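Q: I'd like to talk through a helix pair and then the cysteines in this one. Can we start with the terms?

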Amino acid sequence: FYARGLNLARPNETLIYITPNKFMRAGYGKRLRDFLRQQVTLESLIDFGDLPLFDATTYPLIATLRKTRPAPDHTVRTLTVTDLEDTEHMALTAQSAFPMPQHALSSAEWQLSDPAARALMDKLRAAGKPLGEYVDGKFYYGIKTGLNEAFVINEAKRAELIAADPRSAEIIKPFLRGRDVKRWRVEPKGLYLIFTRRGINIDGYPAVRAHLEQYKDRLMPGVKGGRKAGTYQWYEIQDSIAYYPEFEKPKIVYQVFQVKPSFTIDIQGHYLNNALWMLSVEDYFLLGCLNSTVGWFQIARNCTKIQNGYQLIWDYLQKIIVSIPPDALCTKIAALAEKCLAAAKGHPERLPALEAQLNALVYQAYGLNAEEIALIEAQLAGRAGVESEENEMEEVD
């Protein structure tokens with residue numbers, strides 16, 4: 001769409017587009033980002049995020065560009081609009097746009113940042129290592145069964161299957177949905193997953209087989225009314241989940257969609273649905289960083305914005321920087337995170353004071369000064385969404 005318009009335009013002509021902003025960060029937008037930043041003079045970029053400018057949620061971006069190669073020192077006027085009222089008087093709002101060197105728009109992603117925010121991000125990047133490197137690539141997504149009605153059962157059905165055949169217990173696992181994971185806590189609802197992974201001998205579990213057979217027509221892969229096509233058997237979980245042993249280890253779990261930090265540690269071996277991801281580490285220091293103000297600031301900068309929150313797809317979340325402070329400070333942060341976990345279970349009224357202490361220590365871990373802390377807190381206040389913990393994706397069969 002962009003390229004076609006530029007091909008039709010005469011040299012030095014100006015084009016203005018209103019399009020979704022997704023290409024600025026998504027992997028599929030890399031070629032377009034490279035083309036625009038190298039071949040076109042970008043005059044202005046105005047990002048409206050998830051503001052409801054149209055009937056549908058469209059994440060609009062207004063891009064003004066000129067068909068000529070950018071000068072080496074060319075600057076783009078950039079603006080992020082976060083308040084719907086500001087759209088009523090855009091001429092005035094546009095006066096707060098800030099210049100950004102076009103060469104600062106990277107191939108990896110476009111961040112529309114003022115100079116102070118860019119300097120802060122550079123400082124954060126120098127303070128540690130990316131999350132993906134920190135956890136040594138040990139991140140995994142939850143399970144998509146293809147038909148929850150068949151595979152997700154309650155306590156009564158579990159007891160019934162085990163009474164009919166004690167071996168059933170071997171493949172019935174405690175299960176969490178996205179809504180069951182909160183900030184600092186897990187709230188199991190007595191659900192279990194029949195985990196019939198690839199290659200299982202279903203005849204060895206007659207009670208489970210009998211239970212699944214009532215759904216057989218809807219479990220058949222690649223047929224009308226069944227599940228998606230694949231090499232799995234009708235009684236098997238849809239995804240291969242070769243990493244299934246990781247579910248039974250202590251792990252950091254989090255919702256894919258968040259309106260505020262919602263990370264916790266599960267030490268009870270729960271299996272997860274695909275509204276959840278996990279980091280296969282029992283790291284209380286890391287948990288503290290992820291649930292901190294600095295962690296949320298980085299999530300807001302790196303992850304895809306959705307209505308009222310962010311989508312924590314691993315491609316983006318793995319880029320946030322985890323500080324590497326001295327051991328003594330790391331130990332203090334980890335201890336505070338454990339206190340937050342304990343308070344969330346029985347004394348939630350203690351959490352605000354504990355989280356304030358945690359944030360102060362995490363600021364220290366990243367070496368931030370008062371001005372940088374004020375910038376973080378001001379930008380988060382401007383991006384504040386609806387304070388709800390129910391904004392999460394349920395499994396889509």
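A: Happily: an axis here is a line fitted to C-alpha atoms, for helices over the stretch in contact, and angles run from 0 to 180 degrees between N-to-C directions. Please keep in mind that this is a predicted model.

Q: Okay, so at what angle do the axes of α13 and α14 cross?

A: Helix α13, residues 327-346, and helix α14, residues 351-365, cross at roughly 160°, and their axes come within 10 Å. Because angles over 145 degrees count as roughly antiparallel, α13 and α14 are roughly antiparallel to each other.

Q: And is the crossing of α13 and α14 left-handed or right-handed?

A: The crossing of these two helices, α13 and α14, is left-handed.

Q: Which residues in α13 meet α14?

A: From α13 the contact draws on L329, K332, I333, L336, K339, C340, A343 and A344, and these meet a set in α14 that includes L351, L354, E355, L358, L361 and V362. By character, the residues of the contact of α13 with α14 divide into 12 nonpolar, two polar and three charged.

Q: Switching to cysteines, how many disulfides are there?

A: The count comes to zero disulfides, where a disulfide would need a pair of cysteine sulfur atoms within 2.5 Å. For C303, the nearest cysteine sulfur is that of C289, 16 Å away, while for C340 the nearest is also that of C289, at 12 Å.

Q: Is C340 buried or exposed?

A: C340, one of the α13 residues that meet α14, counts as buried, at 0% relative accessibility. C303 is buried as well, with a relative accessible area of 0%.

Methods:
Residues numbered from 1 in each chain as written. Predicted model: local features only at pLDDT ≥ 70, side-chain atom pairs only at ≥ 80, totals over all residues. Heavy atoms only, no water. Buried < 20%, exposed > 50% of the residue type's maximum accessible area, 1.4 Å probe, protein only. Helix = DSSP H or I, 4+ residues; strand = E, 2+ residues; numbered from the N terminus. Parallel < 35°, antiparallel > 145°, perpendicular 65-115°, else oblique. Left-handed = near helix turned anticlockwise from the far one by under 90°. Contact = heavy atoms within 4.5 Å. Nonpolar A, V, L, I, M, F, W, Y, C, P; charged D, E, K, R; others polar.
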